[in-house]
Amino acid sequence: MRGFQGYHPAILFLYYALLLLLSLLTMQPVLLLCSLFGAFLLYAALFGIREMLPDLVFYALLFVLLAVINPLVVHDGETVLFFLNGKAITKEAIAYGGAGSLVMITVVVWSACYTELLTTDKILFLFGKALPKLGLILSMTFRFIPLFQKQADRIGQVQRTMGLYNGKNLKQRFGGAYRTFDSLLTWSMENSIDTADAMKARGYGLRGRSSFSVFRFRLRDGKMLALMLLLSGIVLIGAGKGNMDFYFYPHLAEIETGAEAFVYYLAMLLLCCIPGFCEWKESLSWNYLKSKI
């Protein structure tokens with residue numbers, strides 16, 4: 001496995017931490033779009049373009065919904081577009097809501113990707129010895145995200161097969177969703193207890209307990225670490241110098257467009273696209289080799 005998921009778990013975790021830090025600490029539009037583009041590039045490589053298209057519709061609707069809510073409750077800003085029930089709807093409030101929704105969607109997409117990259121065995125390798133309880137909680141959390149979706153689909157299919165909650169009215173749909181959530185919550189609690197008991201019975205977390213691992217820090221991991229630190233360092237330098245600052249109130253700030261700002265934007269774009277490039281390169285190479293058989 002030579003894609004991005006083939007790198008050392010420490011590299012994967014550090015990259016994820018860097019991306020979350022850069023995505024959550026800035027609302028600069030260009031940086032947010034770079035992070036969002038990199039997230040969807042990796043998402044398409046891991047799950048496929050066909051799988052991504054329905055999700056794009058969902059995220060677009062979520063973006064519109066969150067962008068609309070903010071100007072309805074916040075009326076700050078100098079540029080008034082119109083009045084709704086005597087309340088000013090401003091351009092700045094709409095822009096802030098859109099930026100906030102981009103942050104949320106970006107974090108969700110990156111997290112969905114990392115449920116595939118940072119698997120349970122990698123999390124346990126990173127935290128199993130130093131922080132065994134934290135490692136177990138993190139591994140279970142990442143593992144339960146895809147399991148929740150699969151189990152919810154199974155419960156919904158069983159209910160529809162039995163003829164329950166398959167009506168078209170809103171009341172029946174709400175009842176079906178509530179019963180599915182209730183069953184899913186019970187299942188998750190039982191599964192968590194079973195997993196914790198099983199790990200305790202195997203001696204997980206005991207002092208002196210040895211463990212086998214196939215992960216080794218190699219030269220390619222060192223090169224990737226150096227590239228990550230270089231690109232993230234460039235972005236952080238730009239943020240420290242104030243070139244990446246952006247404010248929404250009382251009026252929208254101007255986006256930096258100089259040569260120096262372009263360097264920071266390019267560094268952010270390259271940093272965000274590293275996993276997607278690695279996975280697409282591996283996928284294309286694998287398909288090419290299969291075509292030669």
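**Reading a predicted helical model**

Q: Which residues touch the most other members of the largest nonpolar core?
A: A nonpolar core is a set of buried Ala, Val, Leu, Ile, Met, Phe, Trp, Tyr and Cys residues joined through side-chain atoms within 4.5 Å. Buried means under 20% relative accessible area, exposed over 50%, and partly exposed in between, with a 1.4 Å probe and protein chains only. Here the largest core has 49 residues, and Phe 4, Tyr 15, Val 109, Trp 110, Tyr 114 and Met 224 touch the most other members. At least two core residues come from each of α1 (9-24), α2 (29-47), α3 (49-73), α4 (91-117), α8 (219-240) and α9.

Q: What should I keep in mind about the model itself?
A: The model is predicted, with local features needing pLDDT of at least 70 and side-chain atom pairs counting only at pLDDT 80 or more, while totals for chains, interfaces and linings use all residues. Residues are numbered from 1 along each chain as its sequence is written, and side-chain values use heavy atoms, leaving out hydrogens and water.

Q: How many helices and strands are there, and in what order do the elements run?
A: Both kinds of element are DSSP runs numbered from the N terminus: helices are H or I with at least four residues, strands are E with at least two. The protein chain has 9 helices and 2 strands. From the N terminus, the order is α-α-α-β-β-α-α-α-α-α-α.

Q: What share of the chain is buried, and what share of the contacts joins residues at least 24 apart?
A: Of the 293 residues, 37% are buried. Contact means heavy atoms within 4.5 Å. Among contacts between residues at least 6 apart in sequence, 74% join residues at least 24 apart.

Q: Let's zoom in on one core residue. Is Tyr 15 buried or exposed?
A: Tyr 15 sits in helix α1 and counts as buried because its relative accessibility is 0%. Setting aside neighbours within four places in sequence, its contacts include Phe 4, Trp 110, Tyr 114, Met 228 and Leu 271. Met 228 lies 213 residues from Tyr 15 in sequence, yet the C-alpha to C-alpha distance is 7.3 Å.

Q: Where is Glu 279, and is this residue buried or exposed?
A: Glu 279 belongs to helix α9 (residues 259-291). With a relative accessible area of 7%, Glu 279 is buried. Beyond four places in sequence, Glu 279 is in contact with Gly 3, Phe 4, Gln 5, Leu 42, Ala 45, Leu 46 and Leu 117. Leu 41 is 238 residues from Glu 279 in sequence and 9.3 Å from it in space, C-alpha to C-alpha.

Q: And what surrounds Ser 35?
A: Ser 35 is part of helix α2 and is buried, with a relative accessible area of 1%. Its contacts beyond four places in sequence are Leu 19, Ser 23, Thr 106, Trp 110, Met 268 and Cys 272.

Q: How do the strands β1 and β2 run?
A: Two strands pair if DSSP finds at least two bridges between them. Here 4 bridges join β1 to β2 (residues 87-90), and the strands run antiparallel. Phe 82 has Ile 89 in β2 as its bridge partner. The two strands form a hairpin with 2 residues between them, and Asn 85 in the turn has a positive phi of about 55°.

Q: Which element gives the most to the nonpolar patch on the surface?
A: Patches are made of residues with over 30% relative accessible area and no salt bridge, where like charges are joined within 9 Å and nonpolar side chains (Val, Leu, Ile, Met, Phe, Trp, Tyr) within 5 Å. A salt bridge is a side-chain nitrogen of Lys or Arg within 4 Å of a carboxyl oxygen of Asp or Glu. Helix α3 gives the most to this patch, with 6 residues, while α3 and β1 (80-84) each supply at least two. Its members, among them Val 68, Val 73, Phe 82 and Ile 94, together have about 870 Å² of accessible area, from the Shrake-Rupley method with a 1.4 Å probe and, for residues, only the protein chains shown as cover. Val 73, in helix α3, is exposed, with a relative accessible area of 60%.
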